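Trainee: I should like to understand how the terms used for a structure follow from its values. May we go through them in turn?

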Amino acid sequence: MPFARLAAATTPTAHIGLGLAAVGRPGYINLGREDDLPAVRSVEALRERTHELLDAAYAQGVRYFDVARSYGRSEEFLADWLRSRPEADDVVVGSKWGYTYTADWRTDAEAHEVKDHGLATYERQRAETDALLGDRLDLYQIHSVTPDSPALTDHKLHAELAEAAAGGLSVGFSTSGPAQADAIRAALAVTVDGAPLFRTVQSTYNVLETSAAPALAEAHDAGLTVIVKEAMANGRLATGHAPQELVAVAARTGLGADAVALAHVLCRPWAGVVLSGAATANQLASNLHAAVVDLDEEGMARLDALAEEPAAYWERRARLPWH
C-alpha cells in the first residue's frame, strides 16, 4: 500500500499533505483568497503558483499531494510538476472522482461543480485521470460520499473499484456534511467477495467540526488510512479569522493560529495525513510549523471547547462565497 511509504518516513512533516483545491482553479470558498492569489488568475499564473507550492512542500518534507477531477486543472498542474521533478519518486498522489468541474475557469459561474457518483462518471473520470497522472496515481477516492450516495450500494461500481485495487491502485472515499460519521460507517461495511473495499477515508475534521472523530477512529482501527481535510475550516482558523480562544492558545506557543489548529488534528492517534490547503508559500511554511507545536492538556481542552454543532458548522460553510 502506498501509504506505507509515509509510515516509514522520518521527517516531521511527512504526515502533513498538500491539497490543491485552492490553487487548481480560479474560484473557491476559502476565506482570504482574494488576497492570496494573483489579481489575474490565468491558467499559467495558477500553474506557476501550484508549482511554487509543490516545490516548497517537497523541499520541506511533505510527501502526500491531493487533487481531484473537480479542482479545475489541479491534476494537470501536478502531472506537469511530477514530469519536471523525476527525483520526486517518493511522493504519494491521491485524486478523487465524482464531481465534474463546470465553471470553465470563471469565478462567477452559476455552478462550479456537479456531483454524480454513477458508474459512467467513474469510468469517464478514471480515464481522464489516467491520461494525466498515469502510474503516478496511488489513490483514487470517491469524492464527498454522503449516507445516501449510490456509490455505497452500486455493486457494479464496487466490482470495478475492486478490479482497480487488484491492479495496485488504492481505493478510498471522502466525506462531507453533518452526517459524515454515518457515511464513514456505511462505507466501512462495503465489501467485495467478503473483503473490505476501501483502504482510505478522507474527512473534514477541525477544532470547530469534530463530529466524525469516533467513526474515524473506527476506520483507523479497521486498517484504513485516515486523511483529514479542511483542518483549517476553509480559512476560519487562520490568523485574522480565528476564534479568540485559538489565538490565545497560539500566543502561548509562539506560533500561528494555523499551526496550532493543524497540530490539534495531528495529535489525534487516528490521523494518518493532515492536509494543508495553503495558497502561498508563506502560508505553507507557517502550516508546517504544526509538526513542532507542543500542546499541553490545558491548550487541548481550550481548543476542544470550540466545537460547534455539525448542522450549524455545515450551514455556515454552505454560505461561504466562491472567491
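Trainee: Why is Asp104 called exposed?

Mentor: The model before us is predicted. Exposed requires a relative accessible area over 50%. Asp104 has 63% relative accessibility, so Asp104 counts as exposed. Asp104 belongs to the loop between strand 4 (99-101) and strand 5 (113-115).

Trainee: What is the phi of Asp104?

Mentor: Phi of Asp104 is near 55°, a positive value in a residue other than glycine. Most residues other than glycine have a negative phi. Asp193 also has a phi near 55°; this residue sits in the loop between strand 8 (191-192) and strand 9 (195-196).

Trainee: How do you know whether Asp193 is buried or exposed?

Mentor: The value for Asp193 is 83% relative accessibility, and it is set against the limit of over 50% for exposed. Asp193 therefore counts as exposed.

Trainee: Why is Gly94 called buried?

Mentor: Buried means under 20% relative accessible area. Gly94 has a relative accessible area of 0%, so Gly94 is buried. Gly94 is part of strand 3 (residues 92-97).

Trainee: What makes strand 3 largely enclosed by the rest of the structure?

Mentor: Six of the six residues of strand 3 are buried, and therefore the strand is largely enclosed. Val92, Gly94 and Lys96 point one way from strand 3, while Val93, Ser95 and Trp97 point the other way; all are buried.

Trainee: How do you know that strand 2 and strand 3 pair?

Mentor: Pairing requires at least two bridges. Strand 2 (residues 64-66) and strand 3 have three bridges, in the parallel sense, so the condition is met. Within this pairing, Asp66 stands opposite Gly94.

Trainee: Which strands close into a barrel, and in what order?

Mentor: Eight strands close into a barrel in the order 1-2-3-6-7-10-11-12, with parallel pairing. Neighbouring strands of this sheet are turned by 25° against each other on average, direction ignored. Strand 10 (residues 200-204) and strand 11 run parallel and are joined by five bridges. Thr200 stands opposite Thr225 in strand 11.

Trainee: Why is the contact of Arg185 and Glu218 called a salt bridge?

Mentor: Side chains of opposite charge can pair when their charged atoms come close. The term requires a side-chain nitrogen of Lys or Arg within 4 Å of a carboxyl oxygen of Asp or Glu. For Arg185 and Glu218 the N to O distance is 2.8 Å, so the pair qualifies.

Trainee: What makes this pair a tie between separate parts of the sequence?

Mentor: Arg185 lies in helix 7 (residues 180-188) and Glu218 in helix 8 (residues 213-221), so the salt bridge ties together parts that are 33 residues apart in sequence. Arg185, at 34% relative accessibility, counts as partly exposed, and so does Glu218, at 35%.

Trainee: How do you know that Arg236 and Glu308 form a salt bridge?

Mentor: Their closest N and O atoms are 2.7 Å apart, set against the limit of within 4 Å. This pair links distant parts of the chain, 72 residues apart: Arg236 is in the loop between strand 11 (225-229) and helix 9 (244-253), and Glu308 in the loop between helix 12 (297-304) and helix 13 (310-318). Arg236 is buried, with a relative accessible area of 8%, whereas Glu308 counts as partly exposed at 27% relative accessibility.

Trainee: Which residues do salt bridges with shared partners join into one network?

Mentor: The network consists of Glu44, Arg47, Arg73, Glu76, Asp80 and Arg83. The side chains of Glu76 and Arg73 meet in a salt bridge at 3.6 Å, N to O. A search of the whole structure finds 24 salt bridges.

Trainee: How much space lies in the largest pocket?

Mentor: The largest pocket holds about 1,000 Å³ of space. Of the 49 residues that line the largest pocket, Tyr28, Asn30, Glu230, Asn234 and Gly235 are the closest to its centre.

Trainee: Which element gives the most to the lining of the largest pocket?

Mentor: Helix 11 gives the most, with four residues. The residues of the lining divide into 19 nonpolar, 19 polar and 11 charged.

Terms used
Residues numbered from 1 in each chain as written. Predicted model: local features only at pLDDT ≥ 70, side-chain atom pairs only at ≥ 80, totals over all residues. Heavy atoms only, no water. Helix = DSSP H or I, 4+ residues; strand = E, 2+ residues; numbered from the N terminus. Buried < 20%, exposed > 50% of the residue type's maximum accessible area, 1.4 Å probe, protein only. 1 Å grid on protein atoms, 1.4 Å probe; cavity = no way out; pocket = protein on both sides within 12 Å on 5 of 7 lines; lining within 4 Å. Points joined across faces, edges and corners; volume = space filled by probe spheres on them. Nonpolar A, V, L, I, M, F, W, Y, C, P; charged D, E, K, R; others polar. Axes fitted to C-alpha atoms, helices over the stretch in contact; angles between N-to-C directions.
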